[in-house]
Structure formats: C-alpha cells, structure tokens
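Trainee: I would like to learn how labels are given to parts of a structure. Could we go through some together?

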Amino acid sequence: MSEAEISVGSKRKSRGSNNHGNSSNATNHVKRHSISLNQPVVTELAPECSAGIRVTFRDITAAAYRTKSGIQKTPLVKSGALSSILGLELYLKKEYELRTGSFKERGARNALLKLSEEERKVGVIAASAGNHALALAYHGGQLDITVTVVMPVVAPIMKISQCQEMGANVIVHGATIAEAKDHAMIIKEKGGQIYINGYDHPDIIAGQGTIGLEICSQVEDIDAIIVPVGGAGLIAGVAVAAKNMNPDVKIIGVEAMRCMSYTEALKAGKPVRAASHVSLADGLAVPTVGLNAFVTAQPLVDKIVTVSEKAIALAILRLIEMEKAVVEGSGVVGLAALLDGLLPELKGKKVVTILCGGNIDTTVLGRCLERGLAADGRLLSFTVVVKDAPGGMNSLTQVLTESGARKRLTLLDSCIKDILHERAWLLEDVFAVRVRCMVETRNSDHTEKVKNILSRKFRHVEFIGMSDHSTDTLQGP
C-alpha cells in the first residue's frame with residue numbers, strides 16, 4: 001500500500017461552525033486521496049511535549065478531583081487461581097472495565113477539561129492506534145468538543161468503527177503510528193486544532209496517574225506494581241502517585257520485545273527512536289517514548305523487562321480461562337512477565353498488575369488463543385504418511401483417539417482441529433498420502449505422549465510448530 005488516506009465521516013450531529021459540511025452526508029462516507037505516505041516527516045511537537053516537564057503529585061491529585069464525576073473507579077481484585085500458580089499474591093487492576101475499554105479515558109478527560117473556551121471551540125486532534133482515539137471521541141462527545149483522530153492502517157477495525165460511532169472525525173493514514181502522528185501535525189497546522197499527545201502531554205500523564213492513587217487506596221502494603229510501557233505516560237503517572245503514597249513500593253515496567261523504546265531510551269539517557277514491529281501488544285508499539293513521560297518516570301521506575309509474543313499470547317489465554325477476562329495484548333504484558341518467570345524476586349509478595357485495556361479485534365483474539373494454546377503445549381501440528389487405501393486414515397485416527405490401554409486413564413483422546421490430504425507432492429509412493437494434522441491436547445505431557453506414539457506407529461512423521469516449547473518465536477498477526 002504505497003498511497004492511502006481514508007477519511008471516515010463522523011456520525012455525531014453537527015455542533016455548528018466546528019463541523020464542516022453536512023454531517024448526514026459524511027456518515028458512512030469514505031474518501032480516498034492520493035497522498036503519499038512518504039511525505040516529509042514533521043518534526044515539530046506541541047510545546048508542552050518538548051519541554052521535559054515533570055508531572056507532580058499535585059497535578060495527579062488535581063486530575064483525580066477534576067475527573068471524578070466522569071471516570072468510574074475500576075475494580076482491583078485478587079486472583080486466587082493466578083496467585084496459586086505464580087506463588088505470590090496477585091491483584092488485577094481492571095482498567096478495561098471503563099466505558100471505552102481502557103485506562104486512556106483518565107488522561108483524555110483531564111486534558112479536555114483543562115482546555116480554555118477558545119480551545120474547545122477549535123477542537124482537538126490526536127494520532128492513535130485506537131484506545132486514545134476512543135477515549136477522546138467518547139469524552140469529547142460528553143463535553144461537546146470536536147475531536148479528529150488520525151489512525152494508522154494497522155489500527156484494529158473495531159476501534160476505527162467505534163471512534164466513528166462515538167462521533168469523532170476519523171482519518172486512516174500511515175503505515176505506523178509515527179506516520180499517523182506526522183499527518184496529524186500537518187492537519188493541525190492547517191486547521192488550528194489543539195494536538196493532544198496520547199502519552200506525553202502533561203495533562204494526559206496526570207490523568208493516568210489517578211490509577212496509582214486508586215491502587216494505593218484499594219490495597220494496603222503493596223510490594224510492587226507492574227505497568228505496561230509503550231509511550232511511558234502510564235508508568236510515569238502511576239510511579240509518581242504510588243511512590244508518593246508508598247515510597248517502598250516497586251514500580252516495574254513491561255514492554256513488548258518487538259518495540260523496546262523505553263529500554264533504548266534508558267541506554268541513551270534520553271528518548272530515541274527504537275525499532276518497532278507488528279506485535280500482539282499493538283498499543284505499546286510506540287517507537288519513541290515521550291520526553292515528559294521519560295523525565296518523570298526515570299527516577300522512579302525500579303525495573304524494566306521485555307516479553308515475547310509467545311508470552312503475551314499465553315497470558316491472554318490464561319486470563320480468559322482462569323479469570324473469564326478478555327484483555328488485549330497491551331494489557332496482559334505484566335502477567336506475561338510473571339508467567340514467563342522474568343520477575344522471580346516477587347515470589348511471596350503482594351503484587352498489582354494493571355490490565356490496561358480490553359479492546360481486541362475478534363479475529364485477532366482467535367489468533368491469540370490458538371497461539372496461546374500452542375505456546376502452552378496444547379496444540380500439535382504434524383505431517384504423517386499413511387496408506388492411500390481403505391483403512392489408511394483409520395490407522396491414524398485410532399492412534400489419536402485411543403492408546404489401546406483402556407483399563408488406565410492414558411487414552412490419547414486428542415481432538416483433531418484440522419486435517420489436509422496432500423497427494424501431489426508425495427512422488428516416491430503413489431499408493432500413499434501425506435496427511436497434515438493439527439490436534440488439540442490436554443497439556444504438554446499429553447502432547448509428548450501423542451508424539452511418542454505417532455513416532456512408534458508411523459515411519460514418516462514430522463512435527464511442526466511450538467508445541468514442544470522450542471525456541472521458535474511467535475510473531476504478531
């Protein structure tokens with residue numbers, strides 16, 4: 001896709017002079033313009049995002065008071081099941097229960113409420129892969145402020161549609177969030193809207209910090225808070241709030257291995273552009289952390305770890321199976337770090353992890369669950385050669401459904417999820433067929449039993465994928 005810009009009309013009724021054209025004509029209207037994605041990069045930032053401003057505890061408490069009528073207090077609950085398997089006391093901060101499905105509402109409402117009357121009239125603009133856009137769209141509608149959001153083409157379709165439904169003017173542009181941001185700045189210069197950075201604006205950081213206030217008021221004597229890290233606005237705000245209320249609490253950040261912008265900033269001593277790749281934690285794929293966020297967080301954050309795509313997929317699966325909670329990849333990285341054994345020092349401690357969002361496409365969720373099952377050793381993919389004659393397939397299915405030891409609980413009872421016959425490529429034997437199978441098993445031990453019996457029963461069998469917990473890595477969709 002070399003050239004693309006899609007302007008999706010708002011479904012909110014016109015508010016007057018701030019909306020151009022007839023809103024009813026804009027509904028469901030998609031325009032394509034020939035604007036190159038390779039246009040010059042805009043380096044200008046909003047002044048409040050380039051000064052290295054440290055957000056204070058006073059800013060956060062003021063934000064909490066300012067937003068209390070529009071932001072609900074989210075639950076902080078202990079997970080008995082996860083606590084048991086991890087060997088610690090784990091509490092889950094359920095930010096995905098907010099109206100738009102993520103913590104971003106806190107900062108968005110705070111920033112919008114701090115606009116002057118003149119700024120409210122011209123409206124606001126932002127670049128976002130989804131959650132910040134949703135938060136601005138919703139609270140902009142509540143406060144009667146026109147919102148324009150620029151979203152990259154990789155943004156989940158569900159989030160784009162929801163922003164439109166909430167009344168935002170949605171523009172889909174750019175292969176990455178960085179390109180979307182550059183385009184938003186161009187629009188800002190032409191239209192005069194107020195740009196609200198989703199992770200580095202001081203008012204955004206202060207709003208996100210209210211999570212830290214809530215956590216410390218909901219559970220006493222917390223040993224550690226684990227925070228997802230993308231642009232670093234969330235961890236900056238939480239760190240300021242929590243450290244002021246409990247100086248002994250450890251603040252631990254977790255970022256996706258496929259976009260380690262905070263780690264690179266720590267190495268350089270300042271925000272720098274890091275390599276960013278498609279990830280299951282799409283909301284954390286911010287190539288450069290915010291300057292204000294970094295200078296605020298750096299003195300307060302105790303540790304940063306990175307997690308693999310495999311660990312993220314497994315964490316999504318664990319939350320669905322054990323907590324009946326659907327959480328997006330960006331929101332599960334804290335749990336992923338714990339499940340992956342990256343934080344052994346927290347054994348026996350009282351730990352909070354922030355489940356910061358639950359906006360995940362259903363198609364992506366399906367992929368995550370399959371990859372989680374594979375990472376957990378509960379999916380096995382293999383090819384096997386059997387006779388291309390009556391009874392040939394029966395020899396395979398019998399092995400998969402029973403081990404022959406009926407008197408003991410060792411039945412293989414594997415569930416065949418997918419099966420494909422390949423005849424054309426098996427040239428050495430025209431009376432045989434190669435069968436590609438994917439089967440679901442109970443656990444990794446069960447998988448090993450299936451593999452061992454298949455290896456004994458058939459001469460030509462090849463196992464594929466990660467069910468053997470190899471070092472192969474999962475990649476994003």
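Mentor: Gladly; we will take a few labels and set each value against its definition. This is a predicted model, where local features need pLDDT of at least 70 and side-chain atom pairs count only at pLDDT 80 or more, while totals for chains, interfaces and linings use all residues. Residues are numbered from 1 along each chain as its sequence is written, and side-chain values use heavy atoms, with hydrogens and water left out.

Trainee: Why is cysteine 259 called buried?

Mentor: Buried means under 20% relative accessible area, exposed over 50% and partly exposed in between (1.4 Å probe, protein chains only). Cysteine 259 has 2%, so the label buried applies.

Trainee: What makes glutamate 189 partly exposed?

Mentor: Its relative accessibility is 48%, so glutamate 189 falls in the range between the two cut-offs.

Trainee: How do you know that lysine 188 and glutamate 189 meet in a salt bridge?

Mentor: A salt bridge is a side-chain nitrogen of Lys or Arg within 4 Å of a carboxyl oxygen of Asp or Glu. Here the N to O distance is 3.2 Å, so the pair fits the definition.

Trainee: What makes glutamate 321 and arginine 378 a salt bridge?

Mentor: Their closest N and O atoms are 2.6 Å apart, so they pass too. Glutamate 321 lies in helix α13 (residues 309-323) and arginine 378 in the loop between α15 (362-375) and β13 (379-387), so the pair ties together parts 57 residues apart in sequence. Helices (H or I, at least four residues) and strands (E, at least two) are DSSP runs, numbered from the N terminus.
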